[in-house]
Amino acid sequence: MTSQKSISFFFLIGLFFTAASCTTPNTNSEADVLKLDQIEGTEPLNVIYILSDDHRYDFMGFTGKVPFLETPAMDKMAKEGSHIENAFVTTSLCSPSRASILTGQFSHHHQVVDNQSLIADSVRFFPQYLQAAGYETAFMGKWHMGEHHADPRKGFDHWFSLKGQGNYYNPLINVNGKEKVFGDSTYITDLLTEEALRWLGERKGEKPYFLYLSHKGVHADFKPAKRHQGVYANGQPSYPPTMFPEKNPDYNYEDVPDWVKKQRYSWHGVDYMYHGQINFDEFYQLYNETLLSVDESIGKVLDFLEESGQIENTIVFYMGDNGFSFGEHGLIDKRQAYEESIRVPLLVYGGKDVIKQNRVKQMIQNIDIGPTILAMAGLETPENMDGESFLPILKGENPVDWRERIYYEYFWERPFPQTPTVHAVRTDKYKFIRYYGIWDINELYDIENDPWEMNNLIRNPEYADISKELREDLFQWLDETNGMQIPLKTDGSGSRFDHKYRGTY
């Protein structure tokens, strides 16, 4: 492996030449500002970070959650690498989560609080630090922080991205600043995978590299690759015990918030999902079929690394940007603080003698991705990042001072006004959920004994002290991290499209 000093040397002498081809080059002064302290005794690893969209934490073959679902590549990563069993996002929504991944910050710090927000030019992404340390970097796929354009963003030498949500078939791609339409029934997951393998195969020189492969799948409207259409037509959906309260006497529906009950008949509810455009069983089938191409993509990347002999000095991450509900509490989609919304799949694979912990129990969040990848590059965590490196945990060191609770925030959005502003704190045993700006009940769950979150304990006097403690802890976190302000964003142009008030302003 090339030493860090050699990497810095190659980077400095090649700075002029790379500036001509980089989409977002650093000047010398910028590179100096972005320099981070080195972790003593480390050698930089190549890193590939694969992100999917709306993939919930338990929809993988090896979990057994969906009996008919087959995901051999994800299964391989979990079996031979490391499965982070308790991975969470700080905000369960595409753009805020992706911003937290890139910045290592909570939403109230980076201010990308909805899917329309552009991220500020002053914000720094962890790939910028990798560039400054001599890494070659590439981004492929869905960016989705402000849907206005797909132009190259800072931190990446090679750029191959789609605008907003993009299309599953015949996509329009921005290739290093120039738009290109891919026709002939080109499927987006396959296209991104081919571009990733092309870039990996054509790399020259001794620089370490970072590849960010960001899939559109499995975002709705779900459209599987043609080869996967109908393969799960006979698969039977698994209805959660909180989907039909009238059929489950153990579900304490009386203490479910009114907004959740009313949302059953909204865009994100099982009784009027997507304005009644699709039924639940078909929705479930298409989701699982669309996921198959993402798993194939992971498999092709792993095969390339193993066949080219790079797997020993390359770490591969696979993660979802947020969770997804499939009928729990009568809801679909994400945004809420229930388990299926805030939990995500997170798998880590590769790197000779790096990963020694196969099953990670500690609570990991998306804000930890940047610090961890920087640590794999031999770099310290920037002071402005809220997350921490979990590389020691992957190495089996199990630090005693790791976090014992996580915090969650979601801010009300005008396009989807059914879900209020949400704050939550979760420990290994309890979860406290607080709603802001509505007259409704808060929630407390003993998730250790009630994993489906069927019995809201907030009225139970035996749990009053726990509710009080967690509420105070939540506000202490907000106060200490300057999160007490509710970010307000200008309404977009156009009338409302929620069905109850559609066409009004």
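A polar contact is a pair of N or O atoms within 3.5 Å; within protein, one of the two must be able to donate a hydrogen and the other to accept it. With that in hand, a good place to start in this predicted model is asparagine 174. The backbone nitrogen of glycine 177 lies 2.7 Å from a polar atom of the asparagine 174 side chain. That same side chain also makes a polar contact, at 3.3 Å, with the side chain of aspartate 151.

As for its setting, asparagine 174 sits in strand S5, which covers residues 172–175. Its relative accessible area is just 3%, so asparagine 174 counts as buried, the cut-off being under 20%. Setting aside neighbours within four places in sequence, the residues in contact with asparagine 174 are Ala150, Asp151, Pro152, Trp159, Phe160, Ser161 and Glu179.

Next come the helices, with H10 as the shared partner. Two packed helices are described by the angle between their axes and the distance between the axes. Helix H4 (residues 72–80) and helix H10 (residues 280–307) have axes that come within 7 Å and cross at roughly 55°, which makes H4 oblique to H10. On the H4 side, the contact is made by Pro72, Ala73, Met74, Lys76 and Met77, while H10 brings in Leu291, Val294, Asp295, Ile298, Gly299, Leu302 and Glu306. Sorted by class, this contact has eight nonpolar residues, one polar and three charged.

Helix H8 (residues 188–202) meets H10 too: their axes come within 9 Å and cross at roughly 10°. H8 is therefore roughly parallel to H10. Here H8 contributes Thr189, Thr193, Leu197, Leu200 and Gly201, and H10 contributes Ser293, Val294, Ser297, Lys300, Val301 and Phe304. The tally for the contact of H8 with H10 is five nonpolar, five polar and one charged.

Further along the chain there is an open sheet of four strands, in the order S13-S14-S15-S16, with antiparallel pairing. Strands S13 (405–410) and S16 (443–446) stand at the edges with a single partner strand each, so one side of each has no neighbour in the sheet. On average, and ignoring direction, neighbouring strands of this sheet are turned by 10° against each other. Helix H14 (residues 464–480) packs on the sheet and touches S13, S14, S15 and S16, its direction making about 65° with that of S15. Within the sheet, S14 (residues 421–427) and S15 (residues 430–436) run antiparallel and are joined by six bridges. Valine 425, for instance, has phenylalanine 432 in S15 as its bridge partner.

Technical notes. Residues numbered from 1 in each chain as written. Predicted model: local features only at pLDDT ≥ 70, side-chain atom pairs only at ≥ 80, totals over all residues. Heavy atoms only, no water. Pairing = 2+ DSSP bridges. Helix = DSSP H or I, 4+ residues; strand = E, 2+ residues; numbered from the N terminus. Axes fitted to C-alpha atoms, helices over the stretch in contact; angles between N-to-C directions. Contact = heavy atoms within 4.5 Å. Parallel < 35°, antiparallel > 145°, perpendicular 65-115°, else oblique. Nonpolar A, V, L, I, M, F, W, Y, C, P; charged D, E, K, R; others polar. Buried < 20%, exposed > 50% of the residue type's maximum accessible area, 1.4 Å probe, protein only.
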